[in-house]
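Here is a walk through one protein model, strand by strand and helix by helix. Keep the structure open as you read.

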Amino acid sequence: PERMGQVVNNLIENAIHYTHAGGRIALSTALTAAEGQSWATISVADTGIGISTKELPLVFERFYRGDIPREQQMPGTGLGLSIVEKIVVDHGGSVTVRSEPGRGTSIVLRLPPAPPAGAEA
């Protein structure tokens with residue numbers, strides 16, 4: 001639970017940092033089926049600055065920061081999304097990101113659901 005809290009916190013902090021005043025940030029959860037199994041999904045979407053197509057493949061690299069955040073001297077170390085991906089993958093899940101410059105970013109985590117309380121894992 002602590003690691004998942006860290007993941008969600010990192011995603012929300014990024015959304016706040018990269019969304020200008022008056023923008024929107026949405027957090028949602030769902031239980032979905034894909035690839036023959038159930039998945040818990042967590043989605044964080046914003047109407048922020050977005051990420052260019054050329055930068056999308058790099059966002060999970062440690063210390064990577066896009067051109068706009070560097071140019072505008074936005075806060076951050078470039079570690080948040082690499083930490084998110086590591087934790088999610090270590091928990092048997094995956095992370096996808098969709099973005100469009102000037103329109104925002106959506107990050108979706110897909111995780112195996114936790115077993116019911118008292119059940120064996």
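**An enclosed strand**

Start with β4. Six of its eight residues are buried, so β4 is largely enclosed by the rest of the structure. Bear in mind that this is a predicted model. Strand β4 spans residues 104–111.

What flanks this strand? β2 and β4 run antiparallel and are joined by six bridges. Strand β2 covers residues 37–46. One pair to find on screen is A40 with L111, its bridge partner in β4. Strand β3, residues 94–100, also runs antiparallel to β4, and seven bridges join the two. There, E100 has G104 of β4 as its bridge partner.

The link between β3 and β4 is short to trace. The two strands form a hairpin, with three residues between them. G102 sits in that turn and has a positive phi of about 80°.

Now look at the two faces of β3. V95, V97 and S99 make up the covered face. S94, T96, R98 and E100 make up the uncovered one. E100, the residue bridged to G104, therefore belongs to the uncovered face.

**The overall plan**

Step back to the whole chain. The protein has three helices and four strands. Read from the N terminus, the elements run α-β-β-α-α-β-β. The protein has 121 residues, and buried residues make up 35% of them. Consider the contacts between residues at least 6 apart in sequence. Of these, 54% join residues at least 24 apart.

**Helix α3 and its neighbors**

Helix α3 covers residues 80–90. Which of its residues are buried? L81, S82, V84, I87 and V88 are. The buried residues of α3 pack against α1, β3 and β4. The enclosed strand is thus one of the elements that α3 packs against.

From the α1 side, look at N10. This residue is found in helix α1. Is N10 buried or exposed? It is buried, because its relative accessible area is 14%, and the cut-off for buried is under 20%. Leaving out residues up to four places away in sequence, N10 touches G80, I83 and V84. V84 is one of the buried residues of α3.

After α3 comes G92, and its phi is positive, near 80°.

**Two salt bridges**

How many salt bridges does the structure hold? There are two.

One is between K86 and D90, with the closest N and O atoms 2.9 Å apart. Both residues lie in α3, four residues apart, about one turn of the helix. Both are exposed.

The other is between R110 and E35, where the closest N and O atoms are 3.0 Å apart. R110 lies in β4, while E35 lies in the loop between β1 and β2, so the pair ties together parts that are 75 residues apart in sequence. The two ends differ in exposure. R110 is partly exposed, with a relative accessible area of 21%. E35 is exposed, at 64%. The value for R110 misses the buried class because that class requires under 20%.

**A pocket by the end of β4**

Finish with open space. Rolling a probe the size of a water molecule over the atoms shows where empty space is left. The second largest pocket holds about 240 Å³ of space.

Which residues line this pocket? The lining consists of P1, E2, R3, M4, A40, H91, L111, P112, P113 and A114. Helix α1, residues 2–17, gives the largest share of the lining, with three residues. By type, the lining divides into seven nonpolar residues, one polar and two charged.

Two names in the lining are already familiar. A40 and L111 both line the pocket, and L111 is the bridge partner of A40 in β4. H91 is in the lining as well. To see this on screen, begin at the A40 and L111 pair, then pick out P112, P113 and A114 among the lining residues.

How values were computed
Residues are numbered from 1 along each chain as its sequence is written. This is a predicted model: local features need pLDDT of at least 70, side-chain atom pairs count only at pLDDT 80 or more; totals for chains, interfaces and linings use all residues. Side-chain values use heavy atoms; hydrogens and water are left out. A salt bridge is a side-chain nitrogen of Lys or Arg within 4 Å of a carboxyl oxygen of Asp or Glu. Buried means under 20% relative accessible area, exposed over 50%, partly exposed in between (1.4 Å probe, protein chains only). On a 1 Å grid over the protein atoms alone, a cavity is a set of points where a 1.4 Å probe fits but cannot get out, and a pocket is an open set with protein on both sides within 12 Å along at least five of seven lines; lining residues have an atom within 4 Å of a point. Grid points are joined across faces, edges and corners, and a volume is the space filled by probe spheres set on the points. Ala, Val, Leu, Ile, Met, Phe, Trp, Tyr, Cys and Pro count as nonpolar, Asp, Glu, Lys and Arg as charged, and the others, Gly among them, as polar. Two strands pair if DSSP finds at least two bridges between them. Contact means heavy atoms within 4.5 Å.
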